[in-house]
Amino acid sequence: MPAAVPTSREVPRVLAIAGSDPSGGAGIQADLKSIAAHGGYGMAAITALTAQNTTGVRGVHVPPASFLSAQLEAVSDDIHVDAVKIGMLGDEQVIAAVRSWLEEVRPGVVVLDPVMVATSGDRLLQEAAEAALRRLLPLAHLVTPNLPELAMLLGEPEAEDWAAALEQGRRLAEQTGATVLVKGGHLNGSTCPDALVNTAGLLSAEVVEVAGERISTRNSHGTGCSLSSAMATAQARLGDWEAALRVVKPWLAGALRTSGQLEVGTGNGPINHFHHLAQPEPQGGFAELLRAETVADLDAIYGLGFIRGLADGTLAEKEFAYYLAQDAIYLNGYSRVLARASALAPTESEQLFWARSAQQCLEVESELHRNWLSTRAVQTELGPVTKSYVDHLLAASAGGSYAVLVAAVLPCFWLYAEVGETLHAEYLAAGAQAGHPYAEWLRTYADEEFAAATLQAIEIADGAGRAASAGEREAMITAFRQSCRYEAEFFDAPSRHS
């Protein structure tokens, strides 16, 4: 399968090929809402008519495949299609009609959501058509199965954990040549990761994982339809699957989080596709919303043995050396991300701020690390937490959103400054005892310039959040929250390494 052709249109023309849901939560109805929510012009070709509501599917009628072909030809004869989302197909004749049209038109972006089983458990694809659907997969650029569908496509038992799900995603990607979006929604636990998997080198890595929290709600009707059509639209606008997922995932989380506002149906209700349009402006400053996200991670950091040992001087030197070596590696990558923030900044003052911060990382902070490490034998290879944190920041910088990037880099200022101020205060309260092995390091935490820079970074993030769209604010909070978690893991890594 060739790579998707990036159209980067401001208003992409997106065709949804799927079944109809008269209750409005899934199928074509969900597709058109998702396309519109992401700035696209939606079109629809109906593959099947269903009698369903939020409690289940009562009946399915599949019109003649020839009429589907007529719909598809009528659209593409007149309108250039930038992206296609394919959902419920129903039977072999319908799949054959879609396949023939795809081979002739060759749309630049094709997203295939292999709708086989409804959220309610009802089968939506005839068993005899499963083989035909598998043969259609190589014509897609992105395939978005849920975990039961992923297992059915491979003829394997359903994955019971995230690692097994990723392995199944790798196998399907290798078999089809497509990128596979592995979704964690059917797993248990408080987290809900998604991952793009491609074995043909079309992504920055074979597996690109995007973390997320699990939203507790019974209103998930149409989630898969909405995600796939949103990805098709975002890809047509951005030309990058990773960037598209980082835009769509927080939007979907918000749609699930606010789904109860709709009060639709007595069963598994729909998600709130347009939650970002009705969201009020943040009250009391966007930075206050971000500050609330730091509480749990700061508490976790203060409880770490590494932090307690650093404060009272009992920390083993090998743990501190590992921390400094990893921090030096991190700062090199962080400086590049800050330079990217400078390039995206909308004002000269912000450009200068991020440029100076990048320079500070390379010249001042890195030099302090090198001086301490130069007299000691230290393991200097890249650690797993360091890699994950830097990868997260680089992904934020590649997404093209200045606001999201600012939110992602802020915790390294904010949490570091707060932890440092606390440690320095404890150090002084203990009488700044002589012989404390980390006294020089603790004294650097009191640097007034860094405290001032932190306040300026917070102010910039606050302004960016106020100016951002509601959807972008969701993405900012997600990026900020993930960076906060990486900060806590970074402080804990030396103890785990030893």
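# Notebook: loops, a cavity and two cores

Arginine 106 is where I started; I found it in the loop between helix H3 (92–105) and strand S5 (109–112). A reminder to myself that this is a predicted model. I looked up the backbone there: phi of arginine 106 is near 50°, a positive value in a residue other than glycine. Most residues other than glycine have a negative phi, so I made a note of this one. Is arginine 106 buried or exposed? It counts as exposed, because its relative accessibility is 53% and the cut-off for exposed is over 50%.

Next entry, another positive phi. For glutamate 263 I read a phi near 55°, again positive and again not a glycine. I located glutamate 263 in the loop between helix H8 (241–257) and helix H9 (275–278). Its relative accessible area is 72%, so I put glutamate 263 down as exposed.

Then I stepped back to the chain as a whole. I get 18 helices and 9 strands for its secondary structure. Of its 498 residues, 54% count as buried. I also checked how the contacts spread along the sequence: taking those with a separation of 6 or more, 73% are between residues 24 or more positions apart. The exposed surface of the chain comes to about 20900 Å², and 52% of that is supplied by carbon and sulfur atoms.

On to the cores. Which residues touch the most other members of the largest nonpolar core? They are Tyr334 and Trp354, in a core of 68 residues. Helix H15 (residues 402–429) gives the most to this core, with 16 residues. I followed up tryptophan 354 and listed what it contacts beyond four places in sequence. The list holds Leu338, Ala341, Ser342 and Ala345, then Tyr402, Val406, Val409 and Phe413, and finally Ala457 and Ile460. Apart from this core I found another, of 45 residues, with Leu72, Val94, Ala159 and Ala178 among them.

Cavities next. How many cavities of 30 Å³ or more are there? I count 1, and the largest cavity holds about 40 Å³ of space. Helix H12 (317–344), helix H14 (384–398) and helix H18 (470–497) are the elements that give two or more residues to its lining. I wrote the lining out in full: Tyr322, Tyr323, Gln326, Gly383, Val385, Thr386, Phe490, Ala493 and Pro494. By type, the lining of the largest cavity has 6 nonpolar residues, 3 polar and no charged.

Two of those helices got a closer look. In helix H14 I picked lysine 387. Lysine 387 counts as partly exposed because its relative accessibility is 44%, between the cut-offs of 20% and 50%. Its C-alpha lies 9.5 Å from that of glycine 333, although lysine 387 and glycine 333 are 54 residues apart in sequence.

In helix H18 I picked isoleucine 477. Is isoleucine 477 buried or exposed? I have it as buried: its relative accessible area is 18%, and buried means under 20%. Leaving out residues up to four places away in sequence, isoleucine 477 touches Phe286, Leu290 and Glu293. I also took a C-alpha distance here: isoleucine 477 and valine 404 are separated by 8.1 Å, with their positions 73 residues apart along the chain.

How values were computed. Residues are numbered from 1 along each chain as its sequence is written. This is a predicted model: local features need pLDDT of at least 70, side-chain atom pairs count only at pLDDT 80 or more; totals for chains, interfaces and linings use all residues. Side-chain values use heavy atoms; hydrogens and water are left out. On a 1 Å grid over the protein atoms alone, a cavity is a set of points where a 1.4 Å probe fits but cannot get out, and a pocket is an open set with protein on both sides within 12 Å along at least five of seven lines; lining residues have an atom within 4 Å of a point. Grid points are joined across faces, edges and corners, and a volume is the space filled by probe spheres set on the points. Helices (H or I, at least four residues) and strands (E, at least two) are DSSP runs, numbered from the N terminus. Ala, Val, Leu, Ile, Met, Phe, Trp, Tyr, Cys and Pro count as nonpolar, Asp, Glu, Lys and Arg as charged, and the others, Gly among them, as polar. A nonpolar core is a set of buried Ala, Val, Leu, Ile, Met, Phe, Trp, Tyr and Cys residues joined through side-chain atoms within 4.5 Å. Buried means under 20% relative accessible area, exposed over 50%, partly exposed in between (1.4 Å probe, protein chains only). Contact means heavy atoms within 4.5 Å. Accessible areas come from the Shrake-Rupley method with a 1.4 Å probe; for residues, only the protein chains shown count as cover.
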